[in-house]
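Okay, thanks everyone for coming. Let me put the thing up on the screen and then I'll talk you through it.

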There are 2 protein chains.
Amino acid sequence: MEEIQLFCPATIANVSCGFDVLGLALASVGDTMIIRKKKKPGITITKITGQDLPLATENNVAGVAGLAFLEASDYHGGFEIEIHKKIKPGSGIGSSAASAAGAVVGMNILLDNPFNFTQLTTFAMQGEKLASNVAHADNVAPAIFGGFTLVRSYSPLDIIPIPTPTELYATVVHPQIEVKTSDSRKILKNTFTLSQGIKQWGNMGGLVAGLYTSDYNLIGRSLEDHIIEPIRSILIPEFKKVTDSVKETGALGAGISGSGPSIFALSKGKEMAKQVAETIKTIYSKTGIDFDIHVSKIASSGVHKIS
Amino acid sequence: MEEIQLFCPATIANVSCGFDVLGLALASVGDTMIIRKKKKPGITITKITGQDLPLATENNVAGVAGLAFLEASDYHGGFEIEIHKKIKPGSGIGSSAASAAGAVVGMNILLDNPFNFTQLTTFAMQGEKLASNVAHADNVAPAIFGGFTLVRSYSPLDIIPIPTPTELYATVVHPQIEVKTSDSRKILKNTFTLSQGIKQWGNMGGLVAGLYTSDYNLIGRSLEDHIIEPIRSILIPEFKKVTDSVKETGALGAGISGSGPSIFALSKGKEMAKQVAETIKTIYSKTGIDFDIHVSKIASSGVHKIS
């Protein structure tokens, strides 16, 4: 195979109590990319549609991730990359991660899979570092592994795929204001109380247990964040109104997607996820802020080939 | 049935990253209790062997737990309680919890189970409050439910039983120095850093995932506590030497049992758990401190009837 076309999923990182460790991939929201094997060494970004992003390899997250891949590989050729963005940068649903993950998964397939998913994640993290100054993995890991993924540890990198209940859907609203990951990190407090911590890891245990047992109510009860959400939510218009209202509508729970400004809600079943979208539309229509809403199943696979 | 004889398991609370939320029950270490239904209202502690503990109902953890049960019940009679202690108070393996759990589970069986396990836990927590000034549930919950139990939340009380891999064994060493739970709480710091927290809930997710999938290596990698252990371990003789050495021997991981001074190690298989016990004996023999060592399978059930 000399060329591959890929679907590169949007992802939700910092899933409530799983700040910095738990993310998930969306099945029907994402970019497409085309990767081509070339004799000429190095990475060339040949085309980007949908967004105005840098074509220079070293300034592009897919380019940087690809270079990290090439450096670890014994392949002497290179690749061309086309990126067709549908995920907006700064939206909080892993725009840069989709591009970084797409590049390295595509190259890996074209070279008959020399690297495993955890290795690919380390390459893609270099792209994330370019985008946000931090080589975090909680978007790129689900973009590569699919489903829910836990980054148990960074040193060494230890990624645990967590099963996803079959009827779990996400509703994500993206208010069209830009919150940069780096800015959103700056406002975080550096210390927390022990009693906040106990609630957080109690909920983390509950959320993982709920995912393993498809216990939707337990998933909902565990979608709490007593540490980061109270601080970051002040940057997001109507956050409390949206999260309270979607729970009244019937969502299992809701929280900040990544570092915001998007808000996600999880629901059992597509119909409920759509009703939740209507609830959010009603609230946001009154704000005068432009917004996008996505309804998607949680993806069972990460970046994958499309015909 | 007018009388029941019970096995009341010892328990390990504060399992590493699961401080205040995760505990487990031991299959072959515990007290026995006899509970008798009586027409006379109230609770009478008729006999205690093995330890010098108060017989006055309101000063005894089993008595106080029993009174909480009676207050919630519409039963107009009372109970007699005999306690045969094998677990030493102050040992860090749930001595008070075994008595409190035994009392309420026994009474519940004798009255044909009017209460569920979570309700019984709330009664037993009153006994814990007498023992340590805090109505914590992380020993009484596993003593009642068996296996690993997660206390996801206290308000409302939300207890999640977590499955236990079949070959999981605990080795517990109890150095004969007394560390009271209330004293051990006092030295804890009240705040922690965000980076400590991220490791803690990452490990919590990993530990629960490892228990669901019987992934012994993942369980071992997740048995880390970056928040409480570094502080509390200073009260425990040879803590670092013991925990390092048991891992070299082949234990999956190790930590402080409850608020100490006992140290627990988890191993795959009984033989490894016994080897781990030998390693600990070698270290503690040189200290001049008296100590007990227990090797036990993790219990699949909590307090239960014995013939």
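I'll go through the interface between the chains, then some helix packing, and finish with a few backbone details.

One thing up front: this is a predicted model. So please hear every number as computed from that prediction.

Right, the interface. How many residues of chain A are in contact with chain B? It's 36 on the chain A side, and they touch 35 residues of chain B. People often quote the size of an interface as the accessible area lost when the parts come together. Here chain A and chain B bury about 2700 Å² between them, and 71% of that sits on carbon and sulfur atoms. If you want to know who pays for it in chain A, look at A:Arg152, A:Leu194 and A:Trp201. Those three lose the most area to chain B, and together they make up 28% of what the chain A side buries.

Now the polar side of that interface. There are 11 residue pairs in polar contact across it, counting pairs where both residues are at pLDDT 80 or more. As for salt bridges, the count between chain A and chain B is two. One I'd like you to zoom in on is B:Arg221 with A:Asp158, where the side chains meet at 2.6 Å, N to O.

Which elements of chain A are doing the touching? Those giving two or more residues are strands E5 (148-154), E6 (157-162) and E8 (191-193), plus helices H6 (194-213) and H7 (216-222), all of chain A. H6(A) has the largest share, with 14 residues. Broken down by class, the chain A side comes out as 18 nonpolar, 12 polar and six charged residues.

Okay, salt bridges beyond the interface. Over all chains the count comes to 22. Side chains of opposite charge can pair when their charged atoms come close. A nice case within chain A is A:Asp31 with A:Lys85, with the closest N and O atoms 2.5 Å apart. This pair ties together distant parts of the chain, 54 residues apart: A:Asp31 is in strand E2 (residues 22-38) of chain A, while A:Lys85 is in the loop between strand E4 (78-84) and helix H2 (95-110) of chain A.

On to helix packing. Two packed helices are described by the angle between their axes and the distance between the axes.

Start in chain A with H1 (residues 61-72) against H2(A). Their axes come within 8 Å and cross at roughly 35 degrees, and the crossing is right-handed. H1(A) contributes A:Val61, A:Ala62, A:Ala65, A:Gly66 and A:Phe69, and the H2(A) residues include A:Ala100, A:Ala103, A:Val104 and A:Met107. That contact divides into eight nonpolar and four polar residues, with no charged ones.

Over in chain B, take helix H1 (residues 61-72) with helix H3 (residues 117-132). The axes come within 7 Å and cross at roughly 145 degrees, again a right-handed crossing. Among the contact residues are B:Ala65, B:Ala68 and B:Phe69 from H1(B), and B:Phe123, B:Ala124 and B:Gly127 from H3(B). The tally there is 11 nonpolar, two polar and no charged residues.

Last pair, back in chain A: helix H9 (residues 239-249) and helix H10 (residues 270-285). These axes come within 9 Å and cross at roughly 145 degrees, and H9(A) passes H10(A) in a right-handed crossing. On the H9(A) side you have A:Lys241, A:Val242, A:Ser245, A:Val246 and A:Thr249. H10(A) brings residues including A:Met272, A:Val276 and A:Ile280. By class, that contact has seven nonpolar, four polar and one charged residues.

Finally, the backbone details. Where is there a cis peptide bond in chain A? One joins A:Gly260 and A:Pro261, with omega about 0 degrees. A:Pro261 is in the loop between strand E9 (253-256) and strand E10 (263-268) of chain A. In chain B, the bond from B:Ser155 to B:Pro156 is cis, with omega near 0 degrees, and B:Pro156 lies in the loop between strand E5 (148-154) and strand E6 (157-162) of chain B. And A:Asn113, which is not a glycine, has a positive phi, near 55 degrees; you'll find A:Asn113 in the loop between H2 and helix H3 (117-132) of chain A.

That's me done, thanks.

Terms used. Residues numbered from 1 in each chain as written. Chains lettered and ligands numbered in written order. Predicted model: local features only at pLDDT ≥ 70, side-chain atom pairs only at ≥ 80, totals over all residues. Heavy atoms only, no water. Axes fitted to C-alpha atoms, helices over the stretch in contact; angles between N-to-C directions. Helix = DSSP H or I, 4+ residues; strand = E, 2+ residues; numbered from the N terminus. Left-handed = near helix turned anticlockwise from the far one by under 90°. Contact = heavy atoms within 4.5 Å. Nonpolar A, V, L, I, M, F, W, Y, C, P; charged D, E, K, R; others polar. Buried area = accessible area lost by both parts, 1.4 Å probe. Salt bridge = Lys/Arg side-chain N within 4 Å of Asp/Glu carboxyl O. Polar contact = N/O pair within 3.5 Å; in protein donor to acceptor, adjacent residues only side chain to side chain.
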